[in-house]
Amino acid sequence: MAYDIGWIIPRLRNPGVLWNCASSITVAVVGLFSKIIVDFLNKTTVYNREALQRAVRRPRDVPLLTVSNHHSCFDDPGLWGVLDVGTLTRYSRMRWSLAAHDICFTNALHSAFFALGKCVPVVRGAGVYQTAMDFCVDRLCGGEWVHIFPEGRVNVDKQRIRFKWGVGRLVMDSAAAGRAPLVLPVWHEGMDRVLPNVEPYRLRFRNHLYLAVGEPLPLSPLLDKLRSANASEEETRRVITERIQEELMKLRDHTHALIRRTCPPGADRLLEPPVPDPGSSAAPRAPAAPLHNGKEHTHGEAPARRPALTKEKEL
């Protein structure tokens with residue numbers, strides 16, 4: 001029987017003093033741990049770091065939505081280890097992150113830890129109108145930072161995956177409630193060397209990570225165009241999601257070009273799925289079979305529960 005996560009979002013909405021204290025400590029400790037891993041025990045090259053710094057220091061009333069590829073279970077919190085210590089230890093500035101309920105929230109201890117770390121449980125198959133997505137829309141409307149992996153799962157094979165429409169809903173509904181969020185794309189390579197997607201699942205060191213931060217996406221003209229055309233909610237989510245995917249894929253190509261042009265020979269091997277260690281239990285046997293992570297992360301997209309959106313059920 002699956003662990004009952006029904007208490008988590010109500011607690012996140014009404015945390016209380018003790019919860020806030022414990023959450024602040026958890027966020028700071030995890031942030032500093034991530035910084036040690038990516039900045040000291042591994043080497044990280046960040047392109048356009050200033051754009052990320054400007055985004056996290058935006059005015060208080062400006063919501064921030066970051067989107068990135070998903071190559072490893074350590075992507076979040078690992079990505080944010082590149083931030084300065086002051087940001088990592090400041091609870092109000094750090095992100096809310098959507099996380100799969102059947103991966104991160106499987107028992108009371110794990111659920112408490114991830115919830116204290118500002119992770120929100122997304123239920124596989126519950127659609128774009130589930131409680132977790134409502135909660136994240138509210139956070140954006142309050143000017144906070146939300147991070148989402150629009151691929152919806154760990155992309156072990158690093159193939160192009162159609163983005164889930166949950167990211168479109170976050171932009172659409174927060175914009176409708178008052179102010180469109182600042183949407184910042186981030187592309188990274190090498191995190192699956194730090195925490196591989198094959199057994200044994202343990203952190204590794206002395207790898208080189210690459211992280212490229214794009215410029216904020218100008219989505220307001222697109223939103224105005226969709227509003228003027230009286231586009232349906234379904235169409236609006238689809239168009240916004242496709243635009244975000246297009247821009248993130250451009251950033252991917254730019255990142256790959258930077259790695260090939262500016263980094264040591266052999267660095268482009270990061271652009272392919274890693275081969276497991278020969279001695280590991282996950283090493284392929286002849287004939288080799290494709291490697292798959294046994295679990296997936298799902299972030300906010302599945303068939304919508306609104307009956308009118310029949311096309312969305314097919315996607």
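Pro200 sits in the loop between α10 (191–194) and β7 (208–213). The peptide bond leading into Pro200 from Glu199 is cis, with omega near 0 degrees. Keep in mind that this is a predicted model. Here's a quick tour of the spots where the backbone does something worth a look.

**Cis peptide bonds**
- Going from Glu199 to Pro200, you'll find a cis bond, and Pro200 belongs to the loop between α10 and β7.
- Another cis peptide bond links Asp76 to Pro77, and here omega is about 25 degrees.
- Pro77 is part of helix α4, which covers residues 75–78.

**Positive phi outside glycine**
- Asn48 isn't a glycine, yet its phi is positive, near 65 degrees.
- You'll find Asn48 in the loop between β1 (43–47) and α3 (49–56).
- Arg206 isn't a glycine either, and its phi is positive at about 65 degrees.
- Arg206 lies in the loop between α10 and β7, and Pro200 is found in the loop between those elements too.

**Buried or exposed?**
- Asn48 has a relative accessibility of 27%, so it counts as partly exposed; that label covers values from 20% to 50%.
- Arg206 has a relative accessible area of 81%, so it is exposed, because exposed means over 50%.

Notes. Residues numbered from 1 in each chain as written. Predicted model: local features only at pLDDT ≥ 70, side-chain atom pairs only at ≥ 80, totals over all residues. Heavy atoms only, no water. Helix = DSSP H or I, 4+ residues; strand = E, 2+ residues; numbered from the N terminus. Buried < 20%, exposed > 50% of the residue type's maximum accessible area, 1.4 Å probe, protein only.
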